[in-house]
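Dear colleague,

I am passing a structure on to you with this email, and below it you will find my notes. Please open the structure first and keep it beside you as you read.

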Amino acid sequence: MPDDSHLLTSTFPNPAESSKSLGFELVSLDMSRLETRVRYDGKAEFTNPAGYVQGGYLSAMLDDTIGMLATVKMGTAKFPSTIDLHTHFLRPVRVGLIEVVARLRNIGRQVIFAEADLYDARGKEAARATAS
């Protein structure tokens, strides 16, 4: 897999505060496949009363990963915005490391279609999202 991680720092010299608060850590970036893998920190502060990471934080991680990939692809002159994010929650996520794998599926003139899968610390798929 090619290592295109340098494109992230050239596109985002200063990471967004939202990304930092989620514990964003780039694992891999492959622009030839339009795919990335990002690790997040599922913190205790993100939990709901049941002790699981609250779904809004998981959606934010999915959106953050897709948005980063789309922006690296398009460049900062256009800064794409999410106009639709649909998330399916498949299982609860405990506090711990979380990984998101995102792919750009179709790049049109005005809209990008993407998808992402979120994995818990055990490597089990816990959520998936589609976005445009």
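In helix H3, the buried residues are Leu58, Ser59, Met61, Leu62, Asp64, Thr65, Ile66, Met68, Leu69, Ala70, Thr71 and Val72. Please keep in mind that this is a predicted model.

Helix H3 covers residues 55-74, and its length can be checked by a short calculation. At 1.5 Å a residue, the 20 residues of H3 should span 28 Å, and because the C-alpha atoms at its ends are 28 Å apart, the expected and the modelled span agree. At the start of H3, a side-chain oxygen of glutamine 54 comes to within 2.7 Å of the backbone nitrogen of glycine 56, while just after H3 glycine 75 adopts a positive phi of about 90 degrees.

H3 also takes part in the largest pocket, which holds about 680 Å³ of space. This pocket is lined by 32 residues, and those that lie nearest its centre are Gly67, Met68, Ala70, Thr71 and Pro80. Which element gives the largest share of the lining? It is H3, with nine residues, and at least two residues each are supplied by H1, helix H2 (17-22), H3 and strand E5 (112-119). Sorted by class, the lining of the largest pocket consists of 18 nonpolar, 10 polar and four charged residues.

Two single residues are also worth finding in the viewer. Threonine 36 sits in strand E2, which runs over residues 35-42. Is threonine 36 buried or exposed? Its relative accessibility is 1%, and because buried means under 20%, threonine 36 counts as buried. A polar atom of its side chain lies 2.7 Å from the backbone oxygen of serine 28. Beyond its neighbours within four places in sequence, threonine 36 is in contact with several residues, among them Thr65, Met68 and Leu69, which also appear among the buried residues of H3.

Aspartate 4 belongs to the segment that comes before helix H1 (6-11), and with a relative accessibility of 13% aspartate 4 counts as buried too. Its side chain reaches the backbone nitrogen of methionine 31 at 2.7 Å, and, leaving aside neighbours within four places in sequence, aspartate 4 is in contact with Leu29, Asp30, Met31 and Ser32. As a distance to try for yourself, the C-alpha atoms of aspartate 4 and phenylalanine 79, which are 75 residues apart along the chain, are separated by 19 Å.

With best wishes

Notes. Residues numbered from 1 in each chain as written. Predicted model: local features only at pLDDT ≥ 70, side-chain atom pairs only at ≥ 80, totals over all residues. Heavy atoms only, no water. Helix = DSSP H or I, 4+ residues; strand = E, 2+ residues; numbered from the N terminus. Buried < 20%, exposed > 50% of the residue type's maximum accessible area, 1.4 Å probe, protein only. Polar contact = N/O pair within 3.5 Å; in protein donor to acceptor, adjacent residues only side chain to side chain. Contact = heavy atoms within 4.5 Å. 1 Å grid on protein atoms, 1.4 Å probe; cavity = no way out; pocket = protein on both sides within 12 Å on 5 of 7 lines; lining within 4 Å. Points joined across faces, edges and corners; volume = space filled by probe spheres on them. Nonpolar A, V, L, I, M, F, W, Y, C, P; charged D, E, K, R; others polar. Expected span 1.5 Å × (residues − 1).
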